[in-house]
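The following exercises concern the structure displayed below. Each consists of a task and a solution that proceeds step by step.

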Amino acid sequence: MMSSTSFKVAVLGSGISGAVCASTLAKYGVSVTLFESARGPGGRMSQRREKTEDGKELHFDHGAPFFSVGKSEVLRLVEEWESRGLVAEWKEKFGFFDFHTHEFNNIEQEGSSKRYVGVPGMNAICKSLGSENGVESQFGVGIGRIQWLHDEKEWSLTGVDGQNLGQFKGLVASDKNIFSPRITEVTGRLPLLDINLVPELSEKLLNLSVKPCFVVMLAFAEPLSTIPVKAFSFENSRVLSRAYCDSSKPSRSTASERWVLHSTPEYAENIIAQTGLKKPSDITLNKVAEQLLQEFQSTGLIISQPFFKKAHRWGSAFPAASVAPEEKCLWDRSKKLAICGDFCVSPNVEGAIDSGLAAALKLRDNISSL
């Protein structure tokens, strides 16, 4: 039987699904290298650090604002993170604002479902998982090409700069765009994996529909005291879907009041139809920031002007379907390839965690049967 430490696995992407998979494999004694093209971990659970013109530093959870948990195996993991001080419960009330009536309704009573956040930022969880024993994390390393070496039965990875990144017995991809021609539209590069290598897996991902979203990060000098809740959804707005007071979360700086606005998918699709999938220009982002702020102000609740505002686009972040609700990940046993993410189970943080755990178990069971 092959020892698990001699079985090297590459995990692509340090969002919550990839980070959970890497950390779980390392606990089983597998040698894991985690590759992330961004400067830091987190994916949609990353935290944005911004500087104002006068040098103030601001932090925003500009992706997933919080997460809830229903499945016992995921809850066990989250409770472990809570005991380690990586997550805390966000105990604010949520509500709904109706643009037709200009009123709040359905404001929650106490005792509704628990909402968790990473502390001191959403990225704390992925940061910690990526630095555990047995996980070697490489940030700022974009993958340019992935090849399957038939004779060695191994995966060969090459960086975008042409650098050889090594050979691995197993491969975990936590990016739904790994086969997607979308990547060519966005970056001009070919998809990382040839769809003919694992046609039955690529087929499930090629036509996966996604929902884009723009977020706008705002900072105010004074609290928005006319808003009765710290998080709410909008009804009857074509522009805004949700608003969250980021600075009301546990262990956040309260030197300013910071809000994150999420656009509707329809609004984002409309902007992308006009500007394309490539990285949005500053002109586009400034226009989006202004339009979302204006809609927020048209509630009649926001009197003051923010001293900071900036938009960010999540181009294909939110899956509109699940490709493996039963198996929880896509798996090719012969090539030891697992594909995991919220797009496999359910389009939320819990789905991503669940999928990362499932991918780790597939590889572990495969190693122990070798």
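The model is a predicted one. The exercises begin with a charged pair, E290 and K309, in which E290 is partly exposed, at a relative accessible area of 30%.

**Exercise 1. A charged pair between a helix and a strand**

Task: Establish which elements are tied together by the pair E290 and K309, and state how exposed K309 is.

Solution.
Step 1. E290 and K309 form a salt bridge, with their closest N and O atoms 3.0 Å apart.
Step 2. E290 belongs to helix α7 (residues 282–297) and K309 to strand β18 (residues 308–319); the pair therefore ties together parts that are 19 residues apart in sequence.
Step 3. K309 has a relative accessible area of 35%, which lies between the 20% and 50% limits, so K309 is partly exposed.

**Exercise 2. Further salt bridges**

Task: Decide whether R115 is buried or exposed, and do likewise for E108. Then identify the residues joined with D246 in one network.

Solution.
Step 1. A salt bridge links the side chains of R115 and E108, at 2.5 Å from N to O.
Step 2. The cut-off for a buried residue is under 20% relative accessible area. R115, at 10%, is buried, and E108, at 19%, also counts as buried.
Step 3. D246 and K249 meet through their side chains in a salt bridge of 3.0 Å, N to O. Both D246 and K249 are buried.
Step 4. Salt bridges with shared partners join D61, D246, K249 and R252 into one network.
Step 5. The search of the whole structure finds 19 salt bridges. As general background, side chains of opposite charge can pair when their charged atoms come close.

**Exercise 3. The seven-stranded sheet and its helices**

Task: Give the strand order of the open sheet of seven strands, name its edge strands, and determine which strands α7 lies across.

Solution.
Step 1. The order is β7-β6-β15-β16-β17-β14-β18, and the pairing is mixed.
Step 2. β7 (103–105) and β18 each pair on one side only, which makes them the edge strands.
Step 3. From one strand to the next, the twist averages 25°.
Step 4. β18 pairs with β14 (residues 210–220) in the antiparallel sense, over nine bridges. Within this pairing, C213 has W314 of β18 as its bridge partner.
Step 5. Helix α7 lies across β14, β15 (231–235), β16 (240–245), β17 and β18, and runs at about 100° to β18. Helix α6 (residues 265–275) lies across β14, β17 (257–263) and β18, at about 100° to β14.

**Exercise 4. Nonpolar cores**

Task: Find which members of the largest nonpolar core touch the most other members, and which element supplies its largest share.

Solution.
Step 1. The largest nonpolar core has 30 residues, of which F35, I146, W155, L157, I178, L205 and I339 touch the most other members.
Step 2. At least two residues of this core come from each of β1 (8–12), β10 (143–149), β11 (154–159), β12 (164–168), β13 (170–173), α5 (199–206) and β20 (337–339).
Step 3. The largest share, three residues, is supplied by β10.
Step 4. Beyond its neighbours within four places in sequence, F35 has contacts that include A10, L12, V141, I143, L157, L165 and F168.
Step 5. Another core, of 29 residues, lies apart from this one; L224, V239, L285 and L292 are among its members.

**Exercise 5. A largely enclosed helix**

Task: Compare the span of α8 with its expected value, and explain why this helix is described as largely enclosed.

Solution.
Step 1. Helix α8 (residues 349–368) has 20 residues and spans 29 Å from its first C-alpha to its last.
Step 2. The expected span at 1.5 Å a residue is 28 Å, to which the value found is close.
Step 3. Because 15 of the 20 residues are buried, α8 is largely enclosed by the rest of the structure.

**Exercise 6. Backbone exceptions**

Task: Locate the cis peptide bond at P120 and the positive phi values of H102 and N106.

Solution.
Step 1. Most residues other than glycine have a negative phi, and most peptide bonds are trans.
Step 2. The bond between V119 and P120 is cis, with omega about 5°; P120 is in the loop between β8 (116–118) and α3 (124–129).
Step 3. H102 has a positive phi, near 55°, and lies in the loop between β6 (94–98) and β7. With a relative accessible area of 40%, H102 is partly exposed.
Step 4. N106, in the loop between β7 and β8, has a positive phi near 50°. At 55% relative accessibility, N106 counts as exposed.

Notes:
Residues are numbered from 1 along each chain as its sequence is written. This is a predicted model: local features need pLDDT of at least 70, side-chain atom pairs count only at pLDDT 80 or more; totals for chains, interfaces and linings use all residues. Side-chain values use heavy atoms; hydrogens and water are left out. Helices (H or I, at least four residues) and strands (E, at least two) are DSSP runs, numbered from the N terminus. The expected span of a helix is 1.5 Å times one less than its number of residues. Buried means under 20% relative accessible area, exposed over 50%, partly exposed in between (1.4 Å probe, protein chains only). A nonpolar core is a set of buried Ala, Val, Leu, Ile, Met, Phe, Trp, Tyr and Cys residues joined through side-chain atoms within 4.5 Å. Contact means heavy atoms within 4.5 Å. A salt bridge is a side-chain nitrogen of Lys or Arg within 4 Å of a carboxyl oxygen of Asp or Glu. Two strands pair if DSSP finds at least two bridges between them. Axes are lines fitted to C-alpha atoms, for helices over the stretch in contact, and angles run from 0 to 180 degrees between N-to-C directions.
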